[in-house]
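Q: Hi! I'm new to this one and would love a walk-through. Could you show it to me?

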Amino acid sequence: MAKASKYYVVWTGRIPGIYTSWDEAKSQIDGFPEARYKSYESRPEAENAFKEGFKKNLYSNKTISTSGKQSRSNINQNSIAVDAACSGNPGDMEYRGVETATGKQIFLLGPFKEGTNNIGEFLGIVHGLALLKKLGREDMVIYSDSMTAISWVKKKKANTKLELTKNNAELFDLIGRAEAWLSKNSYKTQILKWDTKSWGEIPADFGRK
């Protein structure tokens with residue numbers, strides 16, 4: 001039997017456990033409220049993580065001792081984290097936002113056909129900005145691990161080379177709405193780059209790498 005390339009731990013889902021394919025794991029967490037999961041390179045690592053629980057493995061605030069790296073204590077816990085996942089380029093794309101401190105899912109949209117990861121990251125940030133403004137919570141920070149998406153937001157324009165087709169028309173409509181929101185609204189929310197090298201994967205990560 002071929003060795004699985006990834007092991008997917010599902011702590012909170014329809015049937016918690018360890019899965020050897022993303023399709024199996026996805027069926028346990030798709031549409032499940034506050035699903036918590038993560039991928040690992042080896043079975044022993046996955047089994048240990050499953051036993052320890054999601055709090056220790058997803059949102060640990062342990063200091064990273066490697067020289068020159070920052071401590072996770074530098075993370076602003078009064079924040080949300082956004083991320084996107086895309087199966088192909090272009091491919092089926094979805095994006096979501098979670099509470100940084102707890103991993104609780106706040107929003108999840110998609111999948112959208114013929115999208116890209118950068119577009120998903122861009123839409124995730126704008127979705128977060130609009131939500132926090134609506135809730136009167138512009139004191140919160142938004143974390144993204146995509147400098148490209150952050151720059152697009154600052155320029156109020158998704159500078160994508162993706163071409164409009166009948167399959168991704170819905171996605172382009174969302175892009176247009178996001179750009180229009182940025183043009184018509186001001187915001188106080190700070191958008192920060194998630195330091196993946198020092199802090200590990202962003203809490204909103206889909207665990208498919």
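A: Happy to! One definition before we start: a residue counts as buried under 20% relative accessible area, as exposed over 50%, and as partly exposed in between. Also, keep in mind that this is a predicted model.

Q: Got it. So is E114 buried, partly exposed or exposed?
A: E114 is partly exposed, because its relative accessibility is 25%. It is found in strand β6.

Q: What's the phi of E114 like?
A: E114 has a positive phi, near 50°, and it is a residue other than glycine. For background, most residues other than glycine have a negative phi.

Q: Which residue takes a positive phi just after α5?
A: That's K156, with a phi of about 60°. K156 sits in the loop between α5 and α6. With a relative accessible area of 39%, K156 is partly exposed.

Q: While we're there, which residues of α5 are buried?
A: A149, I150, W152 and V153 are buried in α5. Seen down the helix axis, the buried residues of α5 fall within an arc of 160°, so they line one face.

Q: And what covers them?
A: The cover includes α4, β7, α6 and β8, the last being residues 190–193.

Q: What about the face of α5 turned away from the buried side?
A: That face carries the exposed residues K154 and K155.

Q: Let's zoom out. How many residues are in the largest nonpolar core?
A: The largest nonpolar core has 29 residues. Those with the most contacts inside it are I119, F122, L123, I125, L129 and V153. V153 is also one of the buried residues of α5 we just met.

Q: Which elements give two or more residues to that core?
A: There are strands and helices on the list: β4 (79–88), β5 (91–99), β6 (105–115), α4 (117–135), α5 (147–155) and α6 (169–184).

Q: Which one gives the largest share?
A: α4 does, with seven residues.

Q: You mentioned I119. What is it in contact with, leaving aside neighbours within four places in sequence?
A: I119 is in contact with M93, W152, T160, L162, L171 and I175. Apart from this core lies another core, of 10 residues, and Y8, Y37, A85 and F206 are among them.

Q: New topic: cavities. How many of 30 Å³ or more are there?
A: The count comes to one. About 60 Å³ of space lies in the largest cavity.

Q: What lines the largest cavity?
A: Its lining has 12 residues, and I29, D30, Y37, Q105 and L108 lie nearest the centre. Y37 is familiar by now, since we saw it in the core of 10 residues. β5 and β6 each supply at least two residues of the lining.

Q: What classes of residue are in that lining?
A: By class, there are six nonpolar, two polar and four charged residues.

Q: I29 caught my eye. Which residues of helix α1 are buried?
A: In α1, which runs over residues 22–29, the buried ones are W22, A25, Q28 and I29. They fall within an arc of 125° seen down the axis of α1, so they line one face of this helix. What covers them includes β1 (7–12), β2 (17–19) and β3 (36–40).

Q: And what follows α1?
A: G31 follows α1, and its phi is positive, near 75°.

Q: How about S27, where is that found?
A: S27 is in helix α1. With a relative accessible area of 41%, S27 is partly exposed. The C-alpha atoms of S27 and R14 are separated by 8.2 Å, and these two residues are 13 apart along the chain.

Q: Another serine then: is S146 buried or exposed?
A: S146 is buried, with a relative accessible area of 9%. Its place is in the loop between β7 (141–144) and α5. Leaving aside neighbours within four places in sequence, S146 is in contact with N118, E121 and K193.

Q: Last one: where are the prolines with cis peptide bonds, P90 and P111?
A: P90 is in the loop between β4 and β5, and a cis peptide bond with omega of about 0° joins N89 and P90. P111 lies in strand β6, and the peptide bond from G110 to P111 is cis, with omega near 10°. As a general point, most peptide bonds are trans.

Terms used. Residues are numbered from 1 along each chain as its sequence is written. This is a predicted model: local features need pLDDT of at least 70, side-chain atom pairs count only at pLDDT 80 or more; totals for chains, interfaces and linings use all residues. Side-chain values use heavy atoms; hydrogens and water are left out. A nonpolar core is a set of buried Ala, Val, Leu, Ile, Met, Phe, Trp, Tyr and Cys residues joined through side-chain atoms within 4.5 Å. Buried means under 20% relative accessible area, exposed over 50%, partly exposed in between (1.4 Å probe, protein chains only). Helices (H or I, at least four residues) and strands (E, at least two) are DSSP runs, numbered from the N terminus. Contact means heavy atoms within 4.5 Å. On a 1 Å grid over the protein atoms alone, a cavity is a set of points where a 1.4 Å probe fits but cannot get out, and a pocket is an open set with protein on both sides within 12 Å along at least five of seven lines; lining residues have an atom within 4 Å of a point. Grid points are joined across faces, edges and corners, and a volume is the space filled by probe spheres set on the points. Ala, Val, Leu, Ile, Met, Phe, Trp, Tyr, Cys and Pro count as nonpolar, Asp, Glu, Lys and Arg as charged, and the others, Gly among them, as polar. The arc is that of the directions from the helix axis to the C-beta atoms.
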